[in-house]
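Student: Please take me through this model by question and answer, giving the reasoning before each result.

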Amino acid sequence: MKSRVRHIGAGEFKAKCLQLMDEVGKSRKPIVITKRGKPIAKLVPCDDEPETLFGCMKGSVKAYGNIVDPIDVEWEANA
């Protein structure tokens, strides 16, 4: 069963900001900040390592055989 995300009003967030930041840092669970009952922001824990696209697909493709040398098939190109 998935736990519900905690919601907190903006006024309460303002009063307890530092305490809530510590709580999110320890529990690693986000808190949604609402204003007049509508979500406006989310306090989430920082990732330890920044996400990068460079190298994210490493190891996901395998090549079989020689993929460098030309093949023995004549190709026709439409000009």
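Student: Where is Ile71 found?

Tutor: The model is predicted: local features need pLDDT of at least 70, side-chain atom pairs count only at pLDDT 80 or more, and totals for chains, interfaces and linings use all residues. Strands are DSSP E runs of at least two residues and helices H or I runs of at least four, numbered from the N terminus. By that numbering, Ile71 belongs to the segment after S3.

Student: Is Ile71 buried or exposed?

Tutor: Relative accessible area decides the class (1.4 Å probe, protein chains only): buried is under 20%, exposed over 50%, and partly exposed in between. Ile71 has 55% relative accessibility, so the residue counts as exposed.

Student: Which residues make the nonpolar surface patch?

Tutor: Such a patch joins nonpolar side chains (Val, Leu, Ile, Met, Phe, Trp, Tyr) within 5 Å, from residues with over 30% relative accessible area and no salt bridge; like charges are joined within 9 Å. Here the patch covers about 400 Å². Its residues are Ile71, Val73 and Trp75.

Student: In what order do the three strands form the open sheet?

Tutor: Two strands pair if DSSP finds at least two bridges between them. The pairing in this open sheet is mixed, and the edge strands, S1 (6-9) and S3 (38-43), each pair on one side only. From one strand to the next the twist averages 35°. The order is S1-S2-S3.

Student: How many bridges pair strand S2 with S3?

Tutor: Strand S2 spans residues 31-35 and pairs with S3 in the antiparallel sense. Ile31 has Leu43 as its bridge partner in S3, while Thr34 has Pro39. The count of bridges for S2 and S3 is five.

Student: Which residue takes a positive phi in the hairpin of S2 and S3?

Tutor: Two residues lie between the strands of this hairpin. The positive phi is near 55° and belongs to Arg36.

Student: Is Thr34 buried, partly exposed or exposed?

Tutor: Thr34 lies in strand S2. Apart from neighbours within four places in sequence, Thr34 is in contact (heavy atoms within 4.5 Å) with His7, Ile8, Gly9, Ala10, Pro39 and Ile40. With a relative accessibility of 11%, Thr34 counts as buried.

Student: At what angle to S1 does helix H1 run?

Tutor: Helix H1 comprises residues 10-27 and lies across S1, S2 and S3. Relative to S1, helix H1 runs at about 140°.

Student: How far apart in sequence are the parts that Arg6 and Glu23 tie together?

Tutor: The side chains of Arg6 and Glu23 meet in a salt bridge (a Lys or Arg side-chain nitrogen within 4 Å of an Asp or Glu carboxyl oxygen), at 2.4 Å from N to O. Arg6 is partly exposed at 34%, as is Glu23 at 31%. Arg6 lies in strand S1 and Glu23 in helix H1, so the parts they tie together are apart in sequence by 17 residues.

Student: By about how much of helix H1 are Lys16 and Glu12 separated?

Tutor: The structure holds two salt bridges, and one of them joins the side chains of Lys16 and Glu12 at 3.1 Å, N to O. Lys16 is partly exposed at 33%, and Glu12 is partly exposed at 37%. Residues are numbered from 1 along each chain as its sequence is written, and side-chain values use heavy atoms, leaving out hydrogens and water. Lys16 and Glu12 are four residues apart in helix H1, so their separation is about one helical turn.

Technical notes. Axes are lines fitted to C-alpha atoms, for helices over the stretch in contact, and angles run from 0 to 180 degrees between N-to-C directions. Accessible areas come from the Shrake-Rupley method with a 1.4 Å probe; for residues, only the protein chains shown count as cover.
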